[in-house]
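Here is a short report on one protein. Look at the sequence and the structure first, then read on.

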Amino acid sequence: MATLRELKGRIGSVASSGKITGAMKMISSAKMHKAEGVLKRLVPFRQCIKTILTSLLESDAAVESPLTEPHNDIRKIAVVVFGSDDGLCGAYNVNIFKEMLADLSKLRQEYGQSTEIEIIPIGKKIQRIAARIIAKDNSLAINIPQDIDSKSDGENVKNFAKGLQNRFLRGEIDMVRMVYMHFITAGRQVIDCSTYLPCSPESLTGKNETAPSSKPYLFEPNPAAIYAAALPMYLLSNLQQAFAENRASEQAARVMAMQSANDNAQKLLEQLQLEYNKLRQQAITSELLDIVGGQARD
C-alpha cells in the first residue's frame, strides 16, 4: 500500500503532467489556426487557376498537355504519403499508413502484381513506418526526398512538384498518387487518396467529357500557351494544398491527443486525491485512537 508521501509525490507529478499537456494543447491549437489560415489563402489562387483551365477546356480551343495524358502501360507508380515529423499526435500517422496500404492493394489489383510501386514518404514518422513494411516487402521501394519535410513550403514544395512532373514526363513513373489527411474542420479530418499525375480534365470541369461548348472566349497570347503555363501552376497549388492540409490536420490531431491526455490526467488526479484523503483520514483516526487508548490506561 502506498504511503502518504508516495501518494503526494504522484499527485504532484500528475498535476504537472496535466499542466504540460494543457500548454501543449494551446500551442498546437495556435499552430492549427495558423495552418488553417495558410490553407484559406491558398484556396482563392487554386480556384482562380482552375477557373482559367475550365474556361479553356470548355471553349472551342484545342489544348492539350502531356501532364494530362495517361501512359498506355502502367509499369511504375509513385505514391506520395504525407505524415508528421513530430509525435504526440495520437494515431495520426498509423491511420494514414493503413489507408496507404489499402490504396496499394487496390493499385495492385487494378494494374497487376508486377507493377513497381515507389513510396515517397513526407515526414520522419511516416518514413520510419514505411521503412519497416518495405523491409518485409521486396516489391515496394522507398524514395525519401531531400530538403523537404511535412513543414516545408514555398520554393521547396515548388521544386518537389517540378521533380514529380519531370519524372512523369520522362517516363520514369507512369502515375503519381497522393495520400494525405484532408482538413475539413478542427474536429473532422478524412484521409484523401487521389491521383496527382496524370491530371484528369474531369477534375477541372467536373464532367465526364470535355466536349467543346463554343463559348465566345478570347485568349491572349493563345490558348495553348496559357494552358501550358497554367496547368503546372494548378498542379503546384494542389501539392501546396496537400502540404497545408496535412499540417493543419496534424495539429488538429495533436490538439485532440493533448485534450485526451489532459482529461486522463484529471481523472487520475481525482482518483489519487481521493485515495490520499482516505489514507490521511485513516492515519488521523489511528492517531486519535492511540491518544484515547493512552488516556484510558492512565
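## Overall build

Of the contacts in the protein with a separation of 6 or more, 80% join residues 24 or more positions apart. Contact means heavy atoms within 4.5 Å. This is a predicted model: local features need pLDDT of at least 70, side-chain atom pairs count only at pLDDT 80 or more, and totals for chains, interfaces and linings use all residues. Residues are numbered from 1 along each chain as its sequence is written, and side-chain values use heavy atoms, with hydrogens and water left out.

The protein has six helices and five strands. Helices (H or I, at least four residues) and strands (E, at least two) are DSSP runs, numbered from the N terminus. Along the sequence the pattern reads α-β-α-β-α-β-α-β-β-α-α. The radius of gyration, taken over C-alpha atoms, is 28 Å, well over the 19 Å that the globule rule gives for 298 residues, so the protein is more spread out than a compact globule. That rule is 2.2 Å times the number of residues to the power 0.38. The C-alpha trace spans about 115 × 45 × 35 Å along its principal axes.

Buried residues make up 41% of the 298 residues. Buried means under 20% relative accessible area, exposed over 50%, and partly exposed in between (1.4 Å probe, protein chains only).

## Threonine 115

Threonine 115 sits in the loop between helix H2 (92-111) and strand S2 (116-122). Is this residue buried or exposed? Threonine 115 counts as buried, because its relative accessibility is 5%. Beyond its neighbours within four places in sequence, threonine 115 is in contact with Ile74, Arg75, Lys76, Ile77 and Arg108. A polar atom of its side chain lies 2.8 Å from the backbone oxygen of tyrosine 111.

## Unusual backbone angles

Most residues other than glycine have a negative phi, and most peptide bonds are trans. Two residues with a positive phi are set out here.

| Residue | Phi | Loop | Relative accessibility |
|---|---|---|---|
| Leucine 88 | near 60° | between strand S1 (76-82) and H2 | 53%, exposed |
| Aspartate 147 | about 60° | between strand S3 (140-142) and helix H4 (155-170) | 65%, exposed |

Neither leucine 88 nor aspartate 147 is a glycine. The peptide bond from leucine 197 to proline 198 is cis, with omega near 0°. Proline 198 belongs to the loop between strand S5 (188-197) and helix H5 (201-205).

Technical notes. A polar contact is a pair of N or O atoms within 3.5 Å; within protein, one must be able to donate a hydrogen and the other to accept it, and residues adjacent in sequence count only if both atoms are side-chain atoms.
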